[in-house]
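Visitor: Could you take me through this structure and explain the words used to describe it?

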Amino acid sequence: SLGFTSNIYFWNSREAYGAEISMLKPFLHTWSLSIEEQFYILFPITLYITFKYFKRYLGFYFVTGFIISLILANSLSTSHPSFNFYILPTRGWEFLAGSMLAYFEIIYGWGRHNKNYKLLNSILPSIGLLLIVHSFLFFDDKILHPSFYTLSPIIGTCFIIWFSKKNEITTKILSSKLFVKIGLISYSLYLFHYPVFTFARISNFADDDLLKKILLVLLTILISIISYYFIEQ
């Protein structure tokens with residue numbers, strides 16, 4: 001994980017994320033950290049070259065990269081699902097979605113700061129939240145992911161980022177103290193939830209015991225709060 005290669009390791013190990021055996025791997029979730037860091041290292045280099053020598057094609061660079069990566073992900077979702085899940089080329093479009101938002105807002109003024117988007121500002125954040133909730137409810141380990149199906153949470157997230165305004169209902173909900181505090185410890189929650197629940201499965205600690213599962217959730221939150229204040233801060 002520290003070498004930003006755990007995604008490659010788990011792909012080579014043929015670990016299917018969400019499969020029963022994978023739930024016993026306490027560091028399986030670090031695959032996504034590796035992909036993030038690979039993107040953050042490679043993307044600025046290619047962006048710099050494009051900006052320096054092909055500046056007029058910068059928008060084309062974002063859109064083309066997004067389309068190629070998305071089509072590749074959808075194509076490999078059936079033939080090479082493990083490679084498709086763990087490797088950067090089929091995940092890059094999810095990052096590039098955010099890059100395009102920044103580009104089109106900075107260069108063309110599209111998005112939340114445009115005064116002509118009042119109707120969109122009032123509707124699209126709520127639609128975005130529904131798209132994200134849709135993925136919570138209907139995505140499982142059998143769905144082809146990433147693929148065209150994955151557009152649901154990605155577009156939903158983009159709608160919220162791009163069109164949220166201060167007095168809009170979805171923005172108010174997500175800006176509430178509870179959600180903000182969850183957001184503050186979210187990285188620690190991400191890091192610690194998987195090991196906690198993995199070791200609980202290995203030891204059969206909470207099998208069919210709702211109270212013990214709630215205890216594990218509370219334990220994860222407590223560890224995350226401690227981690228946030230004494231490590232992150």
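The conversation below takes up a pair of helices, a core and a loop residue.

Guide: This is a predicted model, in which local features need pLDDT of at least 70 and side-chain atom pairs count only at pLDDT 80 or more, while totals for chains, interfaces and linings use all residues. Residues are numbered from 1 along each chain as its sequence is written, and side-chain values use heavy atoms, with hydrogens and water left out.

Visitor: Why is α2 called oblique to α5?

Guide: The axes of α2 (residues 31-53) and α5 (residues 92-108), which are lines fitted to C-alpha atoms over the stretch in contact, with angles from 0 to 180 degrees between N-to-C directions, cross at roughly 55° and come within 11 Å. Angles under 35 degrees count as roughly parallel, over 145 as roughly antiparallel, 65 to 115 as roughly perpendicular and the rest as oblique, so α2 is oblique to α5.

Visitor: What makes α2 and α5 helices here?

Guide: Helices are DSSP runs of H or I with at least four residues, numbered from the N terminus.

Visitor: Which residues of α2 and α5 meet?

Guide: I35, E36, F39, Y40 and F43 in α2 meet G92, F95, L96 and S99 in α5, where contact means heavy atoms within 4.5 Å.

Visitor: Is H145 buried, exposed or partly exposed, and why?

Guide: H145, found in the loop between α6 (118-138) and α7, has a relative accessible area of 27%. Buried means under 20%, exposed over 50% and partly exposed in between, with a 1.4 Å probe and protein chains only, and therefore H145 is partly exposed.

Visitor: What does H145 touch?

Guide: Not counting residues up to four places away in sequence, H145 touches N84, F85, R91 and T150.

Key: Helix = DSSP H or I, 4+ residues; strand = E, 2+ residues; numbered from the N terminus.
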